[in-house]
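Welcome, and please open the structure in your viewer. We will go from one selection to the next and look at what each one shows.

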Amino acid sequence: MTKREAGACNTTNPTVLSWVEAQARLCRPDQIFWCDGSETERQLLTDRAVTEGVLIRLNQTKLPGCYYHRSHPNDVARVEQCTYICTETEEEAGPTNNWMQPKAMYALLREHCDGAMRGRTMFVVPYLMGPPGSPLAKVGVELTDSIYVALSMRIMTRMGDIAYEQLGASEDFNRGLHCMLDVHPKRRIIAHFPHDNAIISIGSNYGGNVLLGKKCLSLRIGSYLGRREGWMAEHMLILGLESPEGKKTYVAAAFPSACGKTNFAMLIPPPRFKGWKVWTVGDDIAWMRPGPDGRLYAINPEAGYFGVVPGTNSRSNPNAMKLIERDTIYTNVALKPDGTVWWEHHDEPAPEKCLDWRGQEWTLHSKEKAAHPNSRFAAPMTNNPMLDPRVNDPEGVPISAIIFGGRRADTMPLVYQAFNWIHGVYIGATMGSEMTAAAVGGAGQVRRDPMAMLPFCGYNMGDYFRHWLTMRKHLKHPPRIFHVNWFRRDANGHYLWPGFCENMRVLKWIVDRCAGKADADETPLGWVPGPECFDVEGLTDFSPDKLAQVQHLNYPDWRRELLMQDELFMKLYSHLPKELIFQRELLVARL
Ligand code: SAT
Ligand code: MN
């Protein structure tokens, strides 16, 4: 066999070939580069990105394999107002999504993409979401004129020939097209065509908008396919908690973007929990389906973590500090003179001077942040010291508990458990959270974010709730459902709960509940830990009355909460399952 030249075509799948040809005819790139996922290719493309100034090589002694990227300053987060679900009817997309008729959107995008890659290279990026051979795994092909996207997809997905191997001669793959254009916000559109299993993204080069395997395929298109095919695509981390006796319990947890999913997924238990270990399956997305034994099984479709950098340090996430020491692409952090990086709340004190995320001189006296609040790392999961050995299990891992959580300064207690599945779905459906820098606009405001899927549900949210209710019928042993809030504050604005590794205490209670080992008290909200069952030993400055405070049910807060929940329910009214309206009545009655 002759050796394949880098960038030469590497598939014989006729549907892929003809589709790529058609897109090339539209975008008219100077060159087509077919990615194979090899190490040689990584080196070649990385060198080229450095030459082109897209990546800066970091200090290879201190940060081997690490590179630095600055996005355009107007292109630093997901843009929900430019994100569309293009189904035949507006009703199918539902009131929580922007909608356009597919034909009209295709026409609009065709105009933008016409000749858009002139003078540029089109990278053909085949990728596999999920472990090879998994019944849940999906293949995508992303065509992009961004070398940064090609290199990031290599970290975030199983990219290369492996995807063509899974695909074989099938026509069933996600068709993704990404044109950077001039990254002008006015020409920014992220369009999903669930009926066609297709995505077109233009005018951006920022992670969530352009790494099409992530939010676009794994969540928006994934949730749509999941309902059709009887599985679930969720914005959830997956972790395995191992007891000192070696018994492992898997849980999945949904939190909105930038609320600490990655930290929770990589938690190291505090000294009090000697012998306990947390293993990571995934930090952002779970695909789940009922197994033959009637339990819910989950895979992580991704192969890397795209985490928020500021706030990452050896207290908040010691494993992540190890993870991002090598093979990592940093975006929009600060660059130090020695070719290393820095960000707010780094272990090391702020440097005397450095370049900020925009590339401007930054000193200790600068008022602006050195790293953008939504600056990110992209790191391969294989560098995680606590990567779960079952991460590549095609069948996935059995989920015992589902946790919903938001960022709430008030109202929400630290932890409570749903009475049953339907009540749990209600709790997930009515989740609220303060907005973060992960999306443009509105930071700090509480908004309803059902199951942390508001920006990611690819169809009518009311039908999505119904899908959750229907899944119960296929589960003989459904996971128990919980709600947590690490972020409750006292009247002076101080956090009531220490958070970070101490969240292990909450996790332990949850896992004990699933094993029938911990007692709980009934409240109007759900089951809460009895004081004897919740371990606070070794917590400095945490008296029993602090636990009461963080668990306190404040009736006026809850009256307001119910009104806010109503706003969402009104919006979804025409498709809202009546079971949820009934759950609301029950809650009102209990309160
Ligand atoms: O930018 S991403 O959408 O990939 C991250 C997030 O918002 O959760
Ligand atoms: Mn996310």
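Two strands count as paired if DSSP finds at least two bridges between them. Keep that rule in mind for the opening stop, and remember throughout that this is a predicted model.

**Stop 1: a pair of strands.** Select β2 together with strand β3, residues 67–69. These two run in the antiparallel sense and are joined over 2 bridges. To find one of the partnerships, click on I56, whose bridge partner in β3 is Y68.

**Stop 2: the whole sheet.** Now add the other strands, following the order β2-β3-β19-β24-β18. You should have 5 strands in an open sheet with mixed pairing. Which strands stand at the edges? They are β2 (56–57) and β18 (304–308); each has a single partner strand, so one side of each is left without a neighbour in the sheet.

**Stop 3: a helix on the sheet.** Select α5, residues 147–156, which packs on this sheet. The helix touches β3, β18, β19 (329–331) and β24 (376–380). Compare directions too: that of α5 makes about 120 degrees with that of β19.

**Stop 4: the domains.** Try colouring by domain: domain 1 covers 3–34 + 79–229, domain 2 covers 234–300 + 391–575, and domain 3 covers 306–383. The centres of domain 1 and domain 3, taken over C-alpha atoms, are separated by 29 Å. Their contact takes 11 residues from domain 1 and 10 residues from domain 3.

**Stop 5: between domain 1 and domain 3.** About 790 Å² is buried here, with carbon and sulfur atoms giving 70% of that area. Which residues of domain 1 lose the most area to domain 3? Show Y148, I155 and Y206, which together make up 60% of what that side buries. Between the two domains there are 0 salt bridges, but 3 residue pairs are in polar contact. On the domain 1 side, α5 and α7 (207–210) are the elements that give two or more residues. Our helix from the earlier stop, α5, gives the most, with 5 residues.

**Stop 6: a salt bridge.** The count for the model comes to 32 salt bridges. For one of them, show the side chains of R28 and D114, which meet at 2.2 Å, N to O. R28 lies in the loop between α1 (14–27) and β1 (31–34), and D114 in the loop between α4 (102–113) and β6 (121–129), so the pair ties together parts that are 86 residues apart in sequence.

Definitions and conventions: Residues are numbered from 1 along each chain as its sequence is written. Chains are lettered from A and ligands numbered from 1 in the order in which they are written. This is a predicted model: local features need pLDDT of at least 70, side-chain atom pairs count only at pLDDT 80 or more; totals for chains, interfaces and linings use all residues. Side-chain values use heavy atoms; hydrogens and water are left out. Helices (H or I, at least four residues) and strands (E, at least two) are DSSP runs, numbered from the N terminus. Contact means heavy atoms within 4.5 Å. Axes are lines fitted to C-alpha atoms, for helices over the stretch in contact, and angles run from 0 to 180 degrees between N-to-C directions. Domain bounds come from an automatic or database domain assignment. Buried area is the accessible area (1.4 Å probe) that two parts lose on being put together, summed over both. A salt bridge is a side-chain nitrogen of Lys or Arg within 4 Å of a carboxyl oxygen of Asp or Glu. A polar contact is a pair of N or O atoms within 3.5 Å; within protein, one must be able to donate a hydrogen and the other to accept it, and residues adjacent in sequence count only if both atoms are side-chain atoms.
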